[in-house]
Each structure stands twice: as structure tokens, then as C-alpha cells.
Amino acid sequence: MSSGATWYVTSFYRFIPLEAALLPELQALTKQRMAEGSLLGLVLLAAEGVNGTVAGTEAAIAGFKQFIKDLIHTGDIRFKDSTSEIAPFHRLSVDIRSEIVGMKRPDLVPPSTEDHHLSPKEWHEAMASDSPKIVIDTRNRYETLAGKFKDAIDPKLKTFSDWGEYLESTEVPADVPVYIYCTGGIRCEKAILEMHSKGFGTVYQLRDGILGYLKEYPNGFYEGDCFVFDDRVALDQELQPSGRYGICPGCGLTSSSKRTCERCGAPYVVCADCEASWDPVCSKTCRDLWRRHGPGEFSETNR
């Protein structure tokens with residue numbers, strides 16, 4: 001795509017049995033289709049299904065959606081769409097994994113596409129209601145730093161695989177309706193199964209996640225930005241790159257504290273925890289150069 005062009009982005013997943021022996025063939029076909037359409041992004045394939053986020057021209061994305069439906073032999077797959085004026089990805093990747101979402105529970109697979117899903121409208125009405133409820137964010141800590149639903153509990157997960165351990169230690173009552181959500185919906189598909197197994201009776205999940213909610217209710221009950229796993233880092237209420245956040249090179253957490261690298265001059269962010277110990281540089285590469293050769297021409301001390 002040419003510089004300054006609008007990127008069309010689609011995120012999708014579908015839990016559906018795929019024959020393990022056929023995964024390399026599906027991988028090759030997907031890589032070929034993405035290359036032919038000049039598409040960039042990441043697609044994950046596993047015996048439990050498919051998950052991905054892909055960016056390209058409007059026509060290429062429309063064609064890829066139909067390709068994915070044909071690939072897994074079902075039209076029953078939901079796509080979350082957005083646009084971006086910056087490139088969300090710089091390469092294409094199609095990987096075979098043991099899971100399409102990293103819970104370390106390949107045995108835990110949703111038996112159907114419907115398990116107490118709420119549409120954005122139903123979720124919005126539930127959030128507005130005074131009825132007893134508990135809202136829990138199933139995402140990792142570096143994601144919730146950018147934003148979350150009003151009054152939602154943040155379990156401060158380091159990884160999604162910590163979800164089961166959190167449920168075992170939490171004091172959240174099992175007899176109060178619980179509402180869970182994530183970025184696009186996929187983590188909740190497994191999170192709700194784990195909750196059922198641990199005695200949580202009434203659990204609802206947000207269909208299409210934060211992305212689906214903001215598409216219909218910008219400036220609703222979701223507060224802040226939505227972290228995404230690509231170069232946009234975080235989307236605002238209108239699903240556009242907010243530019244407010246970056247990834248701390250010291251620890252990988254989300255931060256909005258912007259700096260200029262004193263080795264190469266690139267902009268970067270650093271979190272409050274790393275600010276005192278991290279050198280004033282944008283990456284580990286620049287840190288190594290800084291420690292060997294000192295500041296570069298962009299350092300305040302060299303001006």
C-alpha cells in the first residue's frame with residue numbers, strides 16, 4: 001500500500017475443529033492468499049480453530065473474509081472492523097499453535113458459539129442497570145492500564161493463563177451475576193468455561209468484546225483507550241489510533257509517559273516503575289550502545 005493510504009483492519013476468531021494433519025496445508029494457503037492480496041497481520045491456526053487480525057485495502061480485506069469462511073467451511077464467523085491511517089503491521093505471519101488464545105488449556109474448547117453472549121446493546125443496558133452485578137476484565141495488566149469498563153474489577157493478570165488461579169483466590173461471590181469482557185471476545189470464550197467449572201453460576205460475556213462495544217457505543221461505559229496487539233498500540237473511543245500510549249522497553253507495560261531516545265532520537269515511552277532504573281533510550285539495542293559509547297547526538301548533554 002502507498003504511504004498515506006487508509007488501512008482496513010479486521011479481527012476475527014472461530015472455535016471450530018480443524019484436523020491437525022491439515023493445519024500445514026491451511027497455513028500455506030493462508031500465507032499465499034495474504035501475499036497475493038498484499039495483506040499484513042497475524043493469523044493463528046490450531047486444532048481448535050482460527051484467530052487473526054489482518055490489514056490491507058478495503059477490497060483485499062473483503063476478499064480475505066470470504067477466503068477464511070471457505071477455508072474453515074463455515075459462514076458463521078464474526079469480523080470486527082476498523083480503519084487506520086498508520087500501518088498496523090509490517091509483515092505477515094501465519095502460525096500453527098496448540099491454542100488460538102494463550103490460556104495453556106487446549107482441552108478447554110467452547111462446545112458452541114453461544115454461551116451467555118450479550119450483544120453490545122444488551123451489555124450497555126446491563127451496565128446502565130442498578131441490578132446487582134460484578135464486572136471483571138479478563139485481559140492482562142498491560143492492557144487494562146490503557147482503559148477498562150467503569151467499575152470493572154482488574155485482576156491484574158500477567159498472562160491469560162493466570163485466569164484459573166485468579167478465580168481460585170478471588171473473593172468474588174459465585175452467586176452474583178458476573179459480566180466478563182476482553183478485547184474482541186475470544187478470551188471470554190474460554191474464561192467463561194473456567195468460571196463454570198469453578199462454580200460461578202450466572203456469567204455473561206460481551207460478544208465481540210470492547211471493539212464491538214465501541215463500534216456502537218463510543219463514550220459509553222468503557223473508559224479510556226483499548227489496547228490492541230499491533231503497532232497502533234491503543235484505539236480511542238472512535239476505534240482510531242489514539243497515539244497516547246506505547247510499550248515501555250524496560251518491562252513491556254503500557255505507558256503514556258513520552259520521551260526522546262538520547263541515543264537515536266526516536267520517541268518512546270517509559271512506565272513509572274522503570275523510569276528510575278531504565279536508561280534514557282528507546283530499546284535494548286540503544287541501551288547497549290548507550291552503555292558502550294555513551295549518549296548520541298540527540299542527548300541533551302550533547303547539545
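**Notebook: pockets, sheets and helix contacts**

I began with the lining of the largest pocket, where E1 is the biggest contributor, giving 4 residues. I note at the outset that this is a predicted model. I then looked up the volume of the largest pocket and found about 1,000 Å³ of space. I listed 41 residues lining the largest pocket, and those closest to its centre are Leu 42, Asn 51, Thr 53, Val 228 and Phe 229. I checked which elements give two or more residues to this lining: they are strand E1 (7–15), strand E2 (40–46), strand E3 (49–56), strand E4 (78–84) and helix H6 (186–197). I sorted the lining of the largest pocket by class and got 19 nonpolar, 13 polar and 9 charged residues.

Next I went to the second largest pocket, which holds about 240 Å³ of space. I found 15 residues in its lining, with Tyr 13, Arg 14, Arg 78, Thr 113 and Glu 189 the closest to its centre. I asked which elements supply at least two residues here, and they are E1 and E4. E1 has the largest share of this lining, 3 residues. By class I have 4 nonpolar, 3 polar and 8 charged residues for the lining of the second largest pocket.

**The five-strand sheet**

I traced an open sheet of 5 strands and wrote down its order as E4-E1-E3-E2-E5, with mixed pairing. I marked E4 and strand E5 (92–96) as the edges; each has a single partner strand, so one side of each has no neighbour in the sheet. I put the average twist from one strand to the next at 10°.

I then followed the pairing of E1 with E4, which is antiparallel and has 7 bridges. In this pair I found Phe 12 opposite Phe 79 in E4. I looked for helices on this sheet and noted helix H2 (residues 58–71), which packs on it and touches E1, E2, E3 and E4. The direction of H2 makes about 10° with that of E1. I noted H6 as well, which packs on the sheet and touches E1 and E3. For the direction of H6 against that of E1 I have about 25°.

**The four-strand sheet**

I traced another open sheet, this one of 4 strands in the order E6-E10-E9-E7, with parallel pairing. I entered strand E6 (117–118) and strand E7 (134–137) as its edge strands, each pairing on one side only. I looked up the link from E6 to strand E10 (residues 203–206): the two run parallel and are joined by 2 bridges. I found His 117 opposite Gln 205 in E10.

**Helix pairs**

How do H1 and H2 run relative to each other, roughly parallel or roughly antiparallel? I have the axes of helix H1 (residues 23–36) and H2 coming within 11 Å and crossing at roughly 170°. H1 is therefore roughly antiparallel to H2. I listed the contact residues as Leu 26, Leu 29, Thr 30, Arg 33 and Met 34 on the H1 side, and Gly 63, Phe 64, Phe 67 and Leu 71 on the H2 side. I classed the residues of this contact as 6 nonpolar, 2 polar and 1 charged.

I turned last to helix H3 (residues 120–128) and helix H7 (residues 209–216), whose axes come within 9 Å and cross at roughly 85°. I entered H3 and H7 as roughly perpendicular to each other. From H3 the contact takes in Pro 120, Lys 121, Trp 123 and His 124, and from H7 it takes in Gly 212, Tyr 213 and Glu 216. I counted the contact of H3 with H7 by class as 3 nonpolar, 2 polar and 2 charged residues.

Technical notes: Residues numbered from 1 in each chain as written. Predicted model: local features only at pLDDT ≥ 70, side-chain atom pairs only at ≥ 80, totals over all residues. Heavy atoms only, no water. 1 Å grid on protein atoms, 1.4 Å probe; cavity = no way out; pocket = protein on both sides within 12 Å on 5 of 7 lines; lining within 4 Å. Points joined across faces, edges and corners; volume = space filled by probe spheres on them. Nonpolar A, V, L, I, M, F, W, Y, C, P; charged D, E, K, R; others polar. Axes fitted to C-alpha atoms, helices over the stretch in contact; angles between N-to-C directions. Parallel < 35°, antiparallel > 145°, perpendicular 65-115°, else oblique. Contact = heavy atoms within 4.5 Å. Pairing = 2+ DSSP bridges.
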